[in-house]
Amino acid sequence: MKAYASAAALSDLDADLVAVGLFEGDSPSEPLGSTAGAKDASGDLKSSVTVYPGKPERVVIVGLGAREEFTPERARVAGAVSQRALKAVKGEALAWVLPDAGEPGPIAAALVEGAGLAAFSFDEFRSGSDGEPAPPQLKTIEVSSAEDVAEAVRLGEAVANAGNRARYLQSLPANVATPAYLASRAEEIAAAHDAVTVEVLDREAIAAAGMGGLAAVSKGGEDVEPRLITLRYAGGGDGGTLGLVGKSVTFDTGGISIKPAASMHEMKMDMSGGAAVLEAVDAIAGLGLTIDLVAVLPSTENMPSGTALKPGDVITQLNGKTVEVTNTDAEGRLILADALVHCARQGADRIVDLATLTGAVLIGLGSTYAALISNDDELAAKVEAAGERSGELVWRLPLHEEYKELTKGEITDLVNASAQRKAGTIYAGSFLEEFTEGLPWAHLDIAGTAWDTGREYWGKGPTGFGVHLLIALARDLAA
Ligand code: BES
Ligand code: MN
Ligand code: ZN
């Protein structure tokens, strides 16, 4: 999808569908007001009515809610509504007349994002199209405004395209999106940007490096090899190096502590954190933001087999801490522990990790907020603010000595899961904190927000949650 800004008047816009907003209590301005059908238009958020004024040929009037409550998030929703109207008329080119409320830049970017994200589809595994032409896709979005919103529109385009690429990776089945596949995507990103480099470790190198968690979790998969992927972006600036870590379990059966069959297939999405990190790095490099990044993806399957990690096994993580693995389904924290230490050793000054880590976060926060756990108020505040700006909301949960107590082992430093099942999301965060090497760190548990949120611009299925938040955070740190 390409997006661009212009100053064209309504009558000069020649997209397949031109979208104009309508606030509550307003009526459509002329010449739209006198077209047949315009009287059905309302300012209700999520509503839309398509009319045919002649010039332009086709206009959708999209409800924006109350003028004084208009936000970028509402603009994202309106963008998604306009995309659905475009799809209904089998169009490929959309134009928006920028509503005159709120800040022009963020609103323009949000309209592009909402429409771009709503256009995501995944049908590469459908066969037998019976010679019918492929359905049209959203190809261009023009935003017309008297204000200069070119930069903002470029940002919206980058965010939507990166989000959709992450959603594509999430959608791929585990027999396609293997650790090696994610490594090849990382290599592709490095090849596309002069300032990005990549390093990939295989099973032997992972073990030799002392990454006992990743080595242990990957023991069950005999023919799918693990990878430890490190991407660096040298964007410069003096904001320091931001470390990013993304859980990349390409399939989580639970291992020997096997999951029930009913929705196990959904665990192909257990690499959503890694997908978001990969595509955020691509977008940040593409935007040329002045920040240095070091991104780490620990990637493996979690399989049961005769060679698999067993409940009760003791492992040694990269920083020397020992862990009794009481539940092999709590595998994410084991591979993230090594990745956090590695990220710190690679020169990160602060670290943000994204992981589909606990089912408990779905119970606690549903699909609206991701959990944020942090040892640093300043970084936590920045992550919260980036969440607000991006619509990828986070809610901070506490750390406390009493939670930490739960993670202490009987025979080891740590135990990876407690029989008590108290505060599952915080338990996992407390465990991870042991591997942050004294750095400011923020952990995002995205198990509830990575898939099936039902939000207008994401719908059912993958969301790419975190891509936009990370871009927003990097923009903040680069400023
Ligand atoms: N990948 C799962 C968490 C998850 C659950 C992601 C639902 C997406 C949707 C994680 O590896 C896991 O299995 N966590 C366990 C931890 C428990 C054994 C301590 C869980 O949450 O049940
Ligand atoms: Mn698991
Ligand atoms: Zn998992």
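Select A370 in this predicted model, and look across to strand β16, where V394 stands opposite A370. With that pair on the screen, widen the selection to the whole of β15, residues 370-374, and to β16, residues 394-396, and you will see two strands that pair in the parallel sense over three bridges. Strands of a sheet pair through backbone hydrogen bonds, either parallel or antiparallel.

Stay with β15 for a moment and colour its residues by accessibility. Is this strand mostly covered or mostly exposed? It is mostly covered, since five of its five residues are buried. In a regular strand the side chains alternate between the two faces of the sheet. In β15 the side with A370, L372 and S374 is buried, and so is the other side, with A371 and I373, which leaves both faces covered.

Next, select I373 and follow its bridge to H443, its partner in β18. Here β15 and β18 run antiparallel and are joined by four bridges. Now select all of β18, residues 441-445, a strand that is also mostly covered, with five of its five residues buried. W441, H443 and D445 lie on one side of β18 and A442 and L444 on the other, and both of these faces are covered.

Keep H443 selected and add D353, because H443 is also the bridge partner of D353. This takes you to β14, residues 350-355, which is joined to β18 by five bridges and runs parallel to it.

For another sheet, select β12, β13 and β17 together. These three strands form an open sheet in the order β12-β13-β17, with mixed pairing. The edges are taken by β12 (314-316) and β17 (414-415), each of which has a single partner strand, so one side of each is left without a neighbour in the sheet. Zoom in on β13, residues 322-324, and you will find that two bridges join it to β17, with the two strands running parallel. To see one of these pairings, select E324 and its bridge partner V415 in β17.

The tour now moves to the metal ions. Select the zinc ion (ligand 3), and then show the side chains of K247, D252, D270 and E331, which are its protein donors and lie 2.0 to 2.4 Å from it. The angles among its six donor atoms range from 78 to 173°, and the site is octahedral. Along the chain, the donors of the zinc ion (ligand 3) follow the spacing K-x4-D-x17-D-x60-E. K247 lies in the loop between β9 (241-246) and β10 (248-252), while D270 lies in the loop between β10 and α7 (272-287), so the pair ties together parts that are 23 residues apart in sequence. K247 and D270 are both buried.

From the zinc ion, click on D252 and find the manganese ion (ligand 2). D252 bridges the two metal ions, which lie 3.2 Å apart. Which atoms coordinate the manganese ion (ligand 2)? They are D252 (OD), D329 (O), D329 (OD) and E331 (OE), at 2.1 to 2.2 Å. This site is irregular, with angles of 70 to 167° among its six donor atoms, and its donor residues are spaced D-x76-D-x1-E in sequence. Compare the surroundings of two of these donors: D329 is partly exposed, with a relative accessible area of 22%, whereas E331 counts as buried at 0% relative accessibility.

Now select helix α4, residues 179-192. At 1.5 Å a residue, its 14 residues should span 20 Å, and the distance between its end C-alpha atoms, 20 Å, agrees with this. Highlight P179, L182, A183, R185, A186, I189 and A190, which are the buried residues of α4. They cover an arc of only 155° around the axis, which puts them on the same side of α4. Turn the view, and the face of α4 away from this buried side shows the exposed residues A191 and A192. The elements against which the buried residues of α4 pack include α3 (150-171), β7 (196-201) and α7.

From there, select α3, whose 22 residues should span 32 Å at 1.5 Å a residue, in agreement with the 32 Å between its end C-alpha atoms. This helix is mostly covered, with 17 of its 22 residues buried.

For the last stop, select A308, which is found in the loop between β11 and β12. At 4% relative accessibility, A308 counts as buried. Leaving aside neighbours within four places in sequence, A308 is in contact with K219, G220, I256 and M303. Finally, draw a distance from A308 to P31, C-alpha to C-alpha, and you will find 69 Å in space between two residues that are 277 residues apart in sequence.

Key
Residues are numbered from 1 along each chain as its sequence is written. Chains are lettered from A and ligands numbered from 1 in the order in which they are written. This is a predicted model: local features need pLDDT of at least 70, side-chain atom pairs count only at pLDDT 80 or more; totals for chains, interfaces and linings use all residues. Side-chain values use heavy atoms; hydrogens and water are left out. Donors are N, O and S atoms within 2.8 Å of the metal (3.2 Å for Na, K and Ca); water is not among the atoms, so sites may look incomplete. Four donors count as tetrahedral if all angles lie between 85 and 135 degrees; four count as square planar and six as octahedral if opposite donors are over 155 degrees apart and all others between 65 and 115; anything else is irregular. Buried means under 20% relative accessible area, exposed over 50%, partly exposed in between (1.4 Å probe, protein chains only). The expected span of a helix is 1.5 Å times one less than its number of residues. The arc is that of the directions from the helix axis to the C-beta atoms. Contact means heavy atoms within 4.5 Å. Two strands pair if DSSP finds at least two bridges between them.
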